[in-house]
Amino acid sequence: MARSRAGAPFDAGLALFHEAAPSGVACATCHVDGADDAHTWQFAGQGARRTQPLGGGLRATAPFHWDGALADLTALFLDTGVLRMGLPPAEPQQIEALGAWLDGLPAAPPSSDVDDAAGAALFVSAGCTGCHEPPGAGSVDVGTGGAFQAPPLRGLEARLPLMHDGCADTLEARFDPACGGADHGAPLTPDQIAHLVAHLRAR
């Protein structure tokens, strides 16, 4: 196995992730350590889009981008790495190495180690599992201005703000219909929201 100058085994996926485009940016610029920069970017023709974290088994969450327009990692790298950033096209073996490296990144840890039984039960009864548990529901219109991918809900507080446009600065803010969407789950009382948020903190 090839080795880097420091003597560590060379990882082609890690190298591609940190390869700087002519503009000086790399995948790692926005996805620091495979996580995210907590930034909401304005995309021409699309609007505000929150940087997404990449840990926890990325390839299993395809298709990619908030609108689910990119079928796989090859399409994702072409769209973002080549067309947006200006990197040279990658060989299939480089894409495979990148996918393997990304799939080795952990998800963000939960912010609490104490689950809430009432919140866990509500997560099921309110229908959250239909979109946010594997295999998921793909792109769904919940009243937030379009159909967007339903992300896994692991380590949520470590990746605030939430939603495709970053409108939720807290877990509680996601339940404001103006941010989370009027069709995003059953109507909930403040007490139910508190229980559900306590459960989400432990996921």
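## Strand pairing

In this predicted model, strand S1, residues 40–43, pairs with strand S2, residues 47–50. The two run in the antiparallel sense, and four bridges join them. Within this pairing, Gln42 has Ala48 of S2 as its bridge partner.

S1 and S2 form a hairpin, with three residues between the strands. Gly45 sits in the turn and has a positive phi of about 80°.

## Nonpolar cores

The largest nonpolar core has 20 residues. Those with the most contacts inside this core are Phe17, Leu58, Phe64, Leu73, Phe77, Leu98 and Leu102. Four helices give two or more residues each to the core: H1 (12–17), H2 (27–30), H3 (73–84) and H4 (92–103).

Leu98 shows how parts of the chain meet here. With neighbours within four places in sequence left aside, Leu98 is in contact with Gly13, Leu16, Phe17, Leu73 and Phe77. Another core, of 16 residues, lies apart from the largest one. Among the residues of this other core are Phe123, Leu153, Leu162 and Leu196.

## Salt bridges around Arg59

The structure holds seven salt bridges. Arg59, Glu96 and Asp103 are linked in a network of such bridges. In the bridge between Arg59 and Glu96, the closest N and O atoms are 3.3 Å apart. Arg59 lies in the loop between S2 and H3, while Glu96 is in helix H4, so this pair ties together parts of the chain that are 37 residues apart in sequence.

Arg59 also forms a salt bridge with Asp103, where the closest N and O atoms are 2.8 Å apart. Asp103 is in helix H4 and Arg59 in the loop between S2 and H3, so this second pair ties together parts that are 44 residues apart in sequence. Each member of the network is partly accessible: Arg59 is partly exposed, with a relative accessible area of 31%, Glu96 is partly exposed at 45%, and Asp103 is partly exposed at 30%.

## The Glu157 and Arg201 pair

Glu157 forms a salt bridge with Arg201, and the closest N and O atoms of the pair are 2.9 Å apart. This bridge links distant parts of the chain. Glu157 is in the loop between S4 and H7, and Arg201 is in helix H8, residues 190–201, with the two positions 44 residues apart in sequence numbering.

Glu157 counts as partly exposed because its relative accessibility is 29%. Arg201 counts as partly exposed too, at 26% relative accessibility.

## His199 in helix H8

Helix H8 also holds His199. His199 counts as buried because its relative accessibility is 6%, under the 20% cut-off for buried residues.

Leaving aside neighbours within four places in sequence, the residues in contact with His199 are Asp115, Asp116, Gly119, Ala120 and Phe123. One of these, Phe123, is also among the residues of the core of 16 residues.

## The disulfide and other cysteines

The structure holds one disulfide. It joins Cys167 to Cys179, with an S to S distance of 2.0 Å. Cys167 lies in the loop between strand S4 (147–149) and helix H7 (177–180), and Cys179 lies in helix H7, so the pair ties together parts that are twelve residues apart in sequence. The torsion about the S-S bond is about 80°, so the disulfide is right-handed. Cys167 counts as partly exposed, at 29% relative accessibility, whereas Cys179 counts as buried, at 9%.

Cys30 is in no disulfide. The nearest cysteine sulfur to that of Cys30 belongs to Cys27 and is 9.1 Å away, and a disulfide requires two cysteine sulfur atoms within 2.5 Å. Cys30 counts as partly exposed, with 22% relative accessibility. Cys128 is in no disulfide either, and the nearest cysteine sulfur, that of Cys131, is 8.7 Å away. Cys128 is buried, with a relative accessible area of 17%.

Methods:
Residues numbered from 1 in each chain as written. Predicted model: local features only at pLDDT ≥ 70, side-chain atom pairs only at ≥ 80, totals over all residues. Heavy atoms only, no water. Buried < 20%, exposed > 50% of the residue type's maximum accessible area, 1.4 Å probe, protein only. Core = buried A, V, L, I, M, F, W, Y, C linked by side-chain atoms within 4.5 Å. Contact = heavy atoms within 4.5 Å. Pairing = 2+ DSSP bridges. Salt bridge = Lys/Arg side-chain N within 4 Å of Asp/Glu carboxyl O.
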